[in-house]
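Please load the model in your viewer and keep the selection tool at hand. The tour below moves from empty space to helix packing and closes at a loop.

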Amino acid sequence: MPDDDAPPPGPLDALTDVRGLRVGHAQVPGDGALSGTTVVLAPEGGAVAAVDVRGGGPGTRETDALDPRNLVQRIDAVVLTGGSAYGLDAASGVASWLEEQGRGVPVGPGPGQVVPVVPAACLFDLGRGGDWRARPDASTGRAAVEA
């Protein structure tokens, strides 16, 4: 049953309706590749985020940073990736790209001395007919954030 008090959806009814959010995706290249990575890029200065991790075998990275008791106040991007635990490496490519842009938590006196906050979650899509080793990595994450 629809919620009558809910605001109407944006023009695309998509994440990109939220001002400042950008979404990019990249597929693992190659004939036997059946996986990829999606990046939700926060606007400059980051975005407030939260997480609820569920399931019997969750695969995540940096989600503990989102606990409100921790130092981190904002995230720079979120990575959603295939490849099971191997695919979490895609977040490294996103973090490298963000560092090059000078985006992240300042940790030193220089403008580029930042640590990007990039929580990530993966899903298990290995062994579904493609090449077992064709899974997202740091280069897939970089391609997705650049997209």
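What volume does the largest cavity have? In this predicted model, the largest cavity has a volume of about 80 Å³, and a search of the whole structure finds 1 cavity of 30 Å³ or more. To display its walls, select Gly-32, Leu-34 and Ser-35 together with Asp-125, Leu-126, Gly-127, Arg-128, Gly-129, Gly-130, Asp-131, Trp-132 and Ala-134, which line the largest cavity. Colouring this selection by class gives 4 nonpolar, 5 polar and 3 charged residues in the lining of the largest cavity.

Go next to the largest pocket, where about 190 Å³ of space lies. Its lining is made up of 14 residues, and the ones to centre the view on are Ala-50, Val-51, Thr-63, Leu-66 and Val-78, which lie nearest the centre of the pocket. Two elements, β4 (77-81) and β7 (120-122), each give two or more residues to the lining of the largest pocket, and β4 supplies the largest share, with 3 residues. By class, the lining of the largest pocket divides into 11 nonpolar residues, 2 polar residues and 1 charged residue.

The second largest pocket, with a volume of about 160 Å³, can be shown by selecting Gly-45, Gly-46, Leu-71, Val-72, Gln-73, Arg-74, Asp-76, Arg-103, Gly-104 and Val-105, the residues that line it. In this lining, the classes are represented by 3 nonpolar, 4 polar and 3 charged residues.

Now turn to the helices. Two packed helices are described by the angle between their axes and the distance between the axes. Select helix α2 (residues 90-100) and helix α3 (residues 138-146), whose axes come within 6 Å and cross at roughly 50°. That angle is why α2 counts as oblique to α3. Viewed as a crossing, the passage of α2 over α3 is right-handed. On the α2 side, the contact is made by Ala-90, Ser-92, Gly-93, Val-94, Ser-96, Trp-97 and Glu-100, while α3 contributes Ala-138, Gly-141, Arg-142, Val-145 and Glu-146. Sorted by class, the residues in the contact of α2 with α3 are 5 nonpolar, 4 polar and 3 charged.

For the last stop, select Ala-65, which sits in the loop between β3 (59-61) and β4. Which residues does Ala-65 touch, if those up to four places away in sequence are not counted? With that exclusion in force, Ala-65 touches Asn-70 and Val-72, and Val-72 is also one of the residues lining the second largest pocket. To finish, draw a distance from the C-alpha atom of Ala-65 to that of Val-18: these two residues are 47 residues apart along the chain, and their C-alpha atoms are separated by 23 Å.

Key: Residues are numbered from 1 along each chain as its sequence is written. This is a predicted model: local features need pLDDT of at least 70, side-chain atom pairs count only at pLDDT 80 or more; totals for chains, interfaces and linings use all residues. Side-chain values use heavy atoms; hydrogens and water are left out. Axes are lines fitted to C-alpha atoms, for helices over the stretch in contact, and angles run from 0 to 180 degrees between N-to-C directions. Helices (H or I, at least four residues) and strands (E, at least two) are DSSP runs, numbered from the N terminus. Angles under 35 degrees count as roughly parallel, over 145 as roughly antiparallel, 65 to 115 as roughly perpendicular and the rest as oblique. A crossing is left-handed if the near helix is turned anticlockwise from the far one by less than a right angle, and right-handed if clockwise. Contact means heavy atoms within 4.5 Å. Ala, Val, Leu, Ile, Met, Phe, Trp, Tyr, Cys and Pro count as nonpolar, Asp, Glu, Lys and Arg as charged, and the others, Gly among them, as polar. On a 1 Å grid over the protein atoms alone, a cavity is a set of points where a 1.4 Å probe fits but cannot get out, and a pocket is an open set with protein on both sides within 12 Å along at least five of seven lines; lining residues have an atom within 4 Å of a point. Grid points are joined across faces, edges and corners, and a volume is the space filled by probe spheres set on the points.
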